[in-house]
Amino acid sequence: MIAFLIYLPFLLVFVIFAVYAERKVSAFMQDRIGPMETGKFGILQSFADVLKMMQKEDIIALAADRKLFLMAPLVIFVSVFTGYAVLPLSADIQGSAAETGIYFLLAVISLDVIGILMAGWGSNSKFSLFGAMRSVAQIVSYEIPLGLAILCVIMLMQTLSLQEISLQQVGGLGFIHWNIIQYPFLIVPFVIYFIASLAESNRTPFDLPEAESELIGGFHTEYSGFRWAVIMLSEYGMMLLVSLIAVILFFGSWNTPLPNLGPVRLADWTSGTVGQLSADVWGTFWILSKAMLMIFVQMWVRWTYPRIRVDQMMSLSWKYLTPIGLFMVFVSGFWKLWM
Amino acid sequence: MIPIEHYIVLSAALLIIGLMIIIIKRNAIMVLVGVELILNAANINLVAFAKNDPLLTGQMMSLFVIVIAVAESAVALAIIYQVYRHQQVSNIDELDELNG
Amino acid sequence: MEQINFNILAFYGFAGLAVISALMILMSKNIIHSVFMLVLVFLSVAAIYIITNAEFVGVTQIMVYIGGILILMMFGVMLTNRIDGGKMLTEHRRIIPAVLLGLGLAFVFYSTLQTKFPLAEFGPQSELDKSVTETIGINFMTHQLVALELTAVLLLMALIGAAFLAGSKFEDKK
Amino acid sequence: MVDLNSILMLAILLLPLVGGLLAYMAGNRGGGVTIATVFAAVLGIAVWSFLTIPAGTNLQADWIRLGEYSFAVGLWYDQLTGIMVMVVALIALLVAVFSMEYMKHDESRARYFGLLGLFAFSMYGIVLSSNLLLTFVFWELVGFSSYLLIGFWFDQVKPPLSSFKAFVMNKVGDAGFLLGIFVLYAYFKTLNIAELLVLAEAGLDIPDAMLFMAGLGLFLAAVGKSAQFPLQTWLPDAMTGPTPVSALIHAATMVAAGVYLLVRVFPLLSPDVLQLIGVIGGVTAFTGAFAAFAQNDIKKILAYSTVSQLGYMVMAIGAGFPVAAFFHLVTHAFFKAGLFLCAGSIIHYFHETNHDHDFDAQDIRNMGGLRAVLPITFVTFTICTLSLAGIPLFSGFLSKELVIGGILSSDLPSIVSIFALVSVFMTAAYMGRLYFRVFFGTQVKSRFVENIKMKLPLMVLTALSFWAVFTLNPFGSHNGVTDSLAQIIFNPEMAHYTWLPILSVVLAVSGILVAYLYVEKGMLVKPVSASKKIWGGLSANNFYLDYFHRKIVAGGAMKGASFLFFFDKKILDRLIDLLAKAEVVFAHFVGLIDKHVVDGLVKLLAWTARFAGGRTRKLQSGNVQMYFVWALFGLLIIVYFLT
């Protein structure tokens, strides 16, 4: 419960800074400055945007299916935010200790689709419907390689619980105990997972559902003001969620990356004592900072790669990622049996 | 503890509603919705009875049911889509070409 | 004590939600609304599963029914109805026989429940050696292996068949 | 092993066919030479055969086997055959040579010469055949090739019509031939002529009526082929064919086939038939001669003359003297062929010198004074005419005396004798008319030289028209050819009339004299024109025989047919109709019973079934959901009854 209570405000703050960061990162990538006017280095730009959106009129199109239209952003946000319920923050702080944690997460991620469909259909607009259809097709398609990549880790970890996965990566050698180092072939599932997670969160280069140049805004074309802000919130929430999952599965979760080097016990210093506040703080720090790094990579990818075509998107999922994922499942099985 | 009868009442209610949906609705997909409801009702019973079973056979049966439901609805939807493409009909009671 | 109470409360809440949502499916003429109501039913049922110590089944319910079947149905609805901006409605027919039958069935169930329920002697809830998910996994790989394989084959056949059916363009004989 | 005789016979038969094919393939340029060469070879073989092959040589083969009956085909050679073959071969050769000149401008000469070959093949077939069946086959082939030759110029108007007419008339006779064959086969189980003759001499085991039928049938065949009354009308019309063809077919060979056949089967002919044959022959002779008077077409005059002379031959057979008939056939073949070729020469002259399209080259009114232009033709024509007229020193006199003598000595009605004698006078008269009209009168000067290819045949034929060819006695034939013929042909003793040659010569000379006076001196105009008024139409139209055929026979047949049709429709159909109506009434009655009683029961059953079906059918609405309702309903009922 505590983790849940921490994540909600953190998410709200995070989104504000993530938007600012996105602007700054893109500016940095494109060799420009970005927002500078509002506050020092334009640091208040996102707050201004949120204020602006709060004040905007809540427009509901006349021909829209009112109930669906109104419900859709909530469904999207709720489904994304439900995912945080099972995430651990540190050795002690954990949402639900569900034994089906990662499985539950996968299920919840797919719930996102329902909200998107509601939005697209309820808007009663061509662009929205097209965007929603594309989005659903994309998310459903990429769930397969995503699940296969996660399955590799699950097979090696022998558990579905995220906390247990985290605990298995504890050790005095820091990053050496991370899954991706312990099982070096996991780099392939990680790449698959990363690509699929980009698609799941509709990020570039998989932003076909909301391709501005083609569909204006995709499934959220008709939304404005606060509801639009909620949709954006869920999108950044999704980014954070998939980043956190990646960190937990591949990059040692809340464990420190620093190893104990003889007397220089970097790992112990940066882990705190289990059962005390220090451990919780260090754990939270490490997991969130690793997630931030992942989000930076996502932004980096966004401003680097062009948008791919629909057919490319489909063939990438079904013709490349899925077979490779299946193969990696085999590899994991063999590794687990004979290594 | 929740008595098992309450599960049965819930599943019976869902079953009856599903049956009525099957009978009442004209749209083929709505009929499919009714079928899914009935399957869910059955699953509730399976899961409820598995509470007292150390082998959890009921739960596993419900998992099989779910998987088979997927197969069934996939095929059913494919057929409905193909029928619609052929005859431009999505209502079941208009499909009476073979009516004697 | 409190935990149990909370679970019981949740059960009745979700049961009520499921029945009410199902009734709304029955009443509503809007196909899309009905399908989204179905989401609620499935979610409620999934919650009931989780409450009933069947976490894995519940999550599977969410994943397969909501993430799979419902999406499939939504696409089915959109593909088999003309999307022209109007609401997608379906008519209600045969209401009287349906209601009569429903009442008849309800009466049958009611009279059945009035008698002593044979399953009541099933014994107390047994304690499991391992977690539920583990038990299910081990059973799948041991006792139910044949059934699992058969199901897998069935699923594969159904998927191929469905893909073929939906994908092939049958020549119009006329 | 096939011996030399058989090879010779087969060579005679088959060479012309091969020659015809070769000629056709040789094309317009080489066809004539080819066919003439082949015919010359055949003539050589014919002479050789006549000298070497013994009489009665037989060549036989099984043709068809039908159950226990077998039909044989075969060749037969005796002196009669030999002479006939030589006559045919000689005339065919001459005609072929003549044709090379006559047809030199024709575009389809190759076909002409090919057809000549085919005709010669068919004719040899008739002559050589030992078997009536094979004879019939070649009989038909002769008719067919004659049809082709008469209609040779099929792009003109008349030839196709006359060829068709000839074909139809021949068919009438052929029907009789078939009848005769059937009757003979039915009673004798053989068609071999030699065997038939032996059987006939041994005493016929056959009813008189049937024998009469057989004889009548065979005679009918001869009537058709040899242009006897009343079927002779095709012969004058057949003159539309090329003139050499007329010489070959319609003077010497094909028309002689009928007489030849009668000579061959003479012993089979009963006395009744002979009487009939004699009368018909007489009538033919008289009408032919009579019709020749009013004709203006040179070829038609000759054609009627041929009809008349054929009548003589038939009379002779009717009188019971086949030798006389055959002798007359041979002599007639030569001089009549000569006359026709002369006519051909004349026509050829006009074709060569006169290119006016409206000019009728065959009309004697356009002719005159050709004596100076065509000297050889003139001499030839003169001799052949004298021969035809029966003037002593020429072959015609010999044969005609024999024929008339035979007629007088037979028991034929006296009218036949009168016909014969009158015809002698008339023959001389119309030939004189033709002769004086064509060669005398105004002299014509023209630089036209007769071609050797035309002169040679004429001269040969003229030479053969002299008495010396047949016998040394210029006034009687009894020591020459006829005696040798009498050895193989039935030949009864003939009474000798010393007055007959004198009477005959007087009649012939007076005929020529009358013609000379009328044509050259312009005398006797009044009686002639008077008789013209009475008899002119009758003569010109050959006793309106064509008219008779067309109106009475054909028309009568049509009338009869329409009467039968009427009878069929109005009376027979009425009866059947009435029967049918009665049946319909009865059927209606039965139908009513069926409908209301039987059907009523069935309908009741059907209605019951349908009622039950209809009630059940309501359930099968095709609506799956209703099925579901019913199934649940049933389930509820079961539950209700179980608890």
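**Entry 1: a helical stretch in chain C.** I began with residues 6–26 of chain C, where I found 100% helix and 0% strand. The C-alpha atoms at the two ends of this stretch lie 30 Å apart. A note to myself: this is a predicted model.

**Entry 2: what the record says.** I looked up chain C in UniProt, and an unreviewed entry there annotates residues 6–26 as "transmembrane region". The annotation also covers residues 31–50, 62–83, 95–113 and 145–166 of chain C. I checked one more of these: residues 95–113 of chain C are 100% helix and 0% strand, with end C-alpha atoms 26 Å apart.

**Entry 3: two strands in chain D.** Next I turned to strand β1 of chain D, residues 57–66, and found that it pairs with β2(D) in the antiparallel sense over 9 bridges. I picked out Q60(D) and followed its bridge to G74(D) in β2(D). The two strands, β1(D) and β2(D), make a hairpin with 2 residues between them. In the turn I met G67(D), whose phi is positive, about 60°.

I then asked myself how many residues of strand β2 of chain D are buried. Of the 9 residues in this strand (69–77), 7 are buried, so the rest of the structure largely encloses β2(D).

**Entry 4: a serine in chain A.** My last stop was S110(A), which sits in helix α4 of chain A, residues 101–123. Is S110(A) buried or exposed? Its relative accessibility is 1%, and buried means under 20%, so S110(A) counts as buried. Leaving aside residues up to four places away in sequence, I saw that S110(A) touches E143(A) and G67(C).

How values were computed
Residues numbered from 1 in each chain as written. Chains lettered and ligands numbered in written order. Predicted model: local features only at pLDDT ≥ 70, side-chain atom pairs only at ≥ 80, totals over all residues. Heavy atoms only, no water. UniProt positions renumbered as here; feature names shortened; annotations may be inferred. Helix = DSSP H or I, 4+ residues; strand = E, 2+ residues; numbered from the N terminus. Buried < 20%, exposed > 50% of the residue type's maximum accessible area, 1.4 Å probe, protein only. Pairing = 2+ DSSP bridges. Contact = heavy atoms within 4.5 Å.
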